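User: I am new to reading protein structures, and I would like a close look at one single part of this one. Could you choose a residue, tell me where it sits, and then work outwards to the parts around it?

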Amino acid sequence: ICDALSSMQVHRAQASVEEDRRRIFGLIEQGPGFASLDREVAERIQAWFLEAAMARFDELLADTSVDQVRGSEIARICSQLIDFNSVLKRRRIARQVGARAIEF
């Protein structure tokens with residue numbers, strides 16, 4: 001996900017109607033610019049992903065009837081959350097996720 005988001009380039013987007021593409025690109029150029037829009041879209045997708053993953057992690061930790069399958073899912077999501085937060089330089093959150101998993 002990090003790799004895909006870091007290589008996102010709005011200026012390569014296509015539209016089914018070329019005139020729409022030109023108009024949209026004109027608005028982007030007059031407004032925030034492509035680089036700024038690329039960053040904003042990537043940041044919002046990252047935030048959504050982290051929010052959804054944390055919500056699932058919280059659900060799994062709250063479930064007291066954990067079996068081997070759920071335990072494996074907790075470990076997998078925990079690892080992904082730690083990695084993703086570390087890549088985004090959110091090390092404090094990464095440590096908190098790891099500590100919560102260990103407490104579990």
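Analyst: Let us begin with glutamine 46, which in this predicted model has a relative accessible area of 12% and is therefore buried, since buried means under 20%. This glutamine lies in helix 3, and, leaving aside residues up to four places away in sequence, glutamine 46 touches Leu5, Phe84 and Leu88.

Now consider the helix that carries this residue. Helix 3 has 29 residues, which at 1.5 Å a residue should span 42 Å, and the C-alpha atoms at its ends are indeed 42 Å apart, so the expected and the computed values agree. Gln46 has company in being buried, for Phe34, Asp38, Ala42, Leu50, Ala53, Phe57, Leu60 and Leu61 of helix 3 are buried as well.

What, then, does helix 3 pack against? Two packed helices are described by the angle between their axes and the distance between the axes. Helix 3, which covers residues 34–62, packs with helix 4, residues 68–87, at an angle of about 150°, and their axes are 10 Å apart. Because an angle over 145 degrees counts as roughly antiparallel, these two helices are roughly antiparallel to each other, and their crossing is left-handed. On the side of helix 3, the residues that meet helix 4 are Gln46, Phe49, Leu50, Ala53, Met54, Arg56, Phe57, Leu60 and Leu61, while helix 4 contributes Arg70, Glu73, Ile74, Ile77, Cys78, Leu81, Phe84 and Asn85. Sorted by character, the residues of this contact between helix 3 and helix 4 comprise 12 nonpolar, 2 polar and 3 charged.

Helix 3 also packs with helix 5, residues 91–103, here at an angle of about 20° and with the axes 11 Å apart. An angle under 35 degrees counts as roughly parallel, so helix 3 and helix 5 are roughly parallel to each other, and helix 3 passes helix 5 in a left-handed crossing. In this contact Met54, Phe57, Asp58 and Leu61 of helix 3 meet Val97, Arg100 and Ala101 of helix 5, a group made up of 5 nonpolar and 2 charged residues, with no polar ones.

Finally, look at the loop between helix 3 and helix 4, where threonine 64 lies. Its relative accessible area is 80%, and because exposed means over 50%, threonine 64 is exposed. Threonine 64 and phenylalanine 104 are 40 residues apart in sequence, and their C-alpha atoms are 9.8 Å apart in space.

Technical notes:
Residues are numbered from 1 along each chain as its sequence is written. This is a predicted model: local features need pLDDT of at least 70, side-chain atom pairs count only at pLDDT 80 or more; totals for chains, interfaces and linings use all residues. Side-chain values use heavy atoms; hydrogens and water are left out. Axes are lines fitted to C-alpha atoms, for helices over the stretch in contact, and angles run from 0 to 180 degrees between N-to-C directions. Helices (H or I, at least four residues) and strands (E, at least two) are DSSP runs, numbered from the N terminus. Angles under 35 degrees count as roughly parallel, over 145 as roughly antiparallel, 65 to 115 as roughly perpendicular and the rest as oblique. A crossing is left-handed if the near helix is turned anticlockwise from the far one by less than a right angle, and right-handed if clockwise. Contact means heavy atoms within 4.5 Å. Ala, Val, Leu, Ile, Met, Phe, Trp, Tyr, Cys and Pro count as nonpolar, Asp, Glu, Lys and Arg as charged, and the others, Gly among them, as polar. Buried means under 20% relative accessible area, exposed over 50%, partly exposed in between (1.4 Å probe, protein chains only). The expected span of a helix is 1.5 Å times one less than its number of residues.
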